[in-house]
Amino acid sequence: MGKQLTKLRRRKEAKRELDALDERRDQTLVIHYSCESFYDVKDGKTPRVTSIAIRNFATGQTTSFSIHKSAEQSGVPILEITKHYDKLERKMLDEFFAYVPTVPVQTFVHWNMRDVNYGFQAIEHRYKALGGKPIIVPDSRKFDLARALVSVFGIGYVPHGQDGRMFSTMELNSITARDALKGREEAQAFEDGQFVRLHQSTLRKVDVIANILERTLDGTLKTTATWREQHGFHPAAVVEFVKEHWVWTLVTMVAVLIGLVARFVGT
């Protein structure tokens with residue numbers, strides 16, 4: 001399949017999935033989490049998860065899990081969290097994986113949570129490393145909004161910039177960045193043991209993702225995409241379609257010619 005036709009079909013599929021989310025808002029959950037920087041882990045272990053937030057798209061109600069909340073429940077002073085990392089992270093993930101099966105029909109909307117570095121697999125792996133047995137969320141229940149926006153509007157819908165497309169989209173759409181930490185800020189917050197700040201950032205980002213999703217669905221999201229990119233039109237796609245479906249195109253042309261001839265003869 002030609003490149004432009006592939007883009008058109010991806011766009012169509014992304015739009016179809018977005019329309020489906022719009023029709024079942026009460027079954028749509030927005031998820032985000034914060035973790036230790038996966039670039040600076042010194043002991044070779046996978047990054048620790050510090051907080052997870054899940055927001056019901058229809059109601060706005062948010063459920064969250066965090067190391068500092070687990071510490072409070074366990075009677076561990078916040079300044080001593082680093083001494084009890086494994087126990088507190090395990091307790092937090094116990095609660096998260098006990099929650100997951102209570103929402104069996106929902107779709108999890110996320111932002112780039114795609115692999116074992118950062119994503120559902122990373123959370124599952126951390127839980128296994130701590131001795132837990134995770135509930136695996138099937139791919140059919142995951143929707144990557146970041147990837148969908150690229151499919152709908154094109155890769156240049158906003159500049160990637162130093163801090164990624166989420167912050168570029170926030171700036172272009174005047175969405176406040178209050179409490180939302182950038183990548184390097186999250187890494188520093190972890191190093192400094194600022195777990196409450198990391199949790200606040202996670203809560204803010206899950207709200208931002210829901211905001212971007214809402215604007216995408218109602219057609220008010222601002223982008224830097226051209227009209228052609230926004231509407232998925234490219235002249236090359238016509239050429240590719242003709243090349244791939246030449247028989248259908250030939251039949252159509254013959255039918256048109258026959259119609260013209262019949263009309264001419266009839267006159």
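**Exercise 1. Locate R141 in this predicted model and decide whether R141 is buried or exposed.**

Step 1. Find the element. R141 sits in the loop between α4 and β5 (142-144).

Step 2. Apply the cut-off. Buried means under 20% relative accessible area. R141 has 14% relative accessibility, so R141 counts as buried.

Step 3. List the neighbours. Leaving out residues up to four places away in sequence, R141 touches V103, P104, Q106, T107 and F108.

Step 4. Compare sequence and space. R141 and L29 lie 112 residues apart in sequence. From C-alpha to C-alpha, R141 and L29 are 10.0 Å apart in space.

**Exercise 2. Describe the surroundings of Y33.**

Step 1. Place the residue. Y33 belongs to strand β1.

Step 2. Check the accessibility. The value for Y33 is 2%, and the limit for buried is under 20%, so Y33 counts as buried.

Step 3. Read the contacts. Neighbours within four places in sequence are left aside. Y33 is then in contact with V49, S51, I52, M113, N117, Y118, G119, A122, I123 and T202.

Step 4. Pick out one partner, T202. In sequence, Y33 and T202 are 169 residues apart. In space, their C-alpha atoms are 5.7 Å apart.

**Exercise 3. Work out how α3 packs with α4.**

Step 1. Identify the helices. Helix α3 covers residues 85-99, and helix α4 covers residues 120-129.

Step 2. Take the geometry. The two pack at an angle of about 125 degrees, and their axes are 10 Å apart.

Step 3. Name the arrangement. Angles of 65 to 115 degrees count as roughly perpendicular, and angles over 145 as roughly antiparallel. The angle here fits neither class, so α3 is oblique to α4.

Step 4. Give the handedness. The crossing of α3 past α4 is left-handed.

Step 5. Find the residues. From α3 come D86, E89, R90, L93, D94, F96 and F97. From α4 come I123, E124, R126 and Y127.

Step 6. Sort them by class. This contact has five nonpolar, no polar and six charged residues.

**Exercise 4. Repeat the analysis for α2 and α3.**

Step 1. Take the geometry. Helix α2 covers residues 67-74. The axes of α2 and α3 come within 8 Å and cross at roughly 105 degrees.

Step 2. Name the arrangement. That angle makes α2 roughly perpendicular to α3.

Step 3. Find the residues. I67, S70, A71, Q73 and S74 of α2 meet Y85, L88, E89, K91, M92 and E95 of α3.

Step 4. Sort them by class. The contact of α2 with α3 has five nonpolar, three polar and three charged residues.

**Exercise 5. Find the buried residues of α6 and what covers them.**

Step 1. List them. In helix α6 (residues 165-172), M166, F167, S168, T169 and M170 are buried.

Step 2. Look for the cover. It includes β1 (28-35) and α8.

Step 3. Look just past the helix. There, S174 takes a positive phi of about 55 degrees.

**Exercise 6. Place T216 and name its contacts.**

Step 1. T216 lies in helix α8 (residues 195-218).

Step 2. T216 has a relative accessible area of 13%, so T216 is buried.

Step 3. Setting aside neighbours within four places in sequence, T216 is in contact with L18, L149 and L221.

**Exercise 7. Summarise the whole protein.**

Step 1. Count the elements. The protein has eleven helices and five strands.

Step 2. Give the burial. Of its 267 residues, 43% count as buried.

Step 3. Give the surface. The protein exposes about 14800 Å², and carbon and sulfur atoms supply 54% of that area.

Key: Residues are numbered from 1 along each chain as its sequence is written. This is a predicted model: local features need pLDDT of at least 70, side-chain atom pairs count only at pLDDT 80 or more; totals for chains, interfaces and linings use all residues. Side-chain values use heavy atoms; hydrogens and water are left out. Axes are lines fitted to C-alpha atoms, for helices over the stretch in contact, and angles run from 0 to 180 degrees between N-to-C directions. Helices (H or I, at least four residues) and strands (E, at least two) are DSSP runs, numbered from the N terminus. Angles under 35 degrees count as roughly parallel, over 145 as roughly antiparallel, 65 to 115 as roughly perpendicular and the rest as oblique. A crossing is left-handed if the near helix is turned anticlockwise from the far one by less than a right angle, and right-handed if clockwise. Contact means heavy atoms within 4.5 Å. Ala, Val, Leu, Ile, Met, Phe, Trp, Tyr, Cys and Pro count as nonpolar, Asp, Glu, Lys and Arg as charged, and the others, Gly among them, as polar. Buried means under 20% relative accessible area, exposed over 50%, partly exposed in between (1.4 Å probe, protein chains only). Accessible areas come from the Shrake-Rupley method with a 1.4 Å probe; for residues, only the protein chains shown count as cover.
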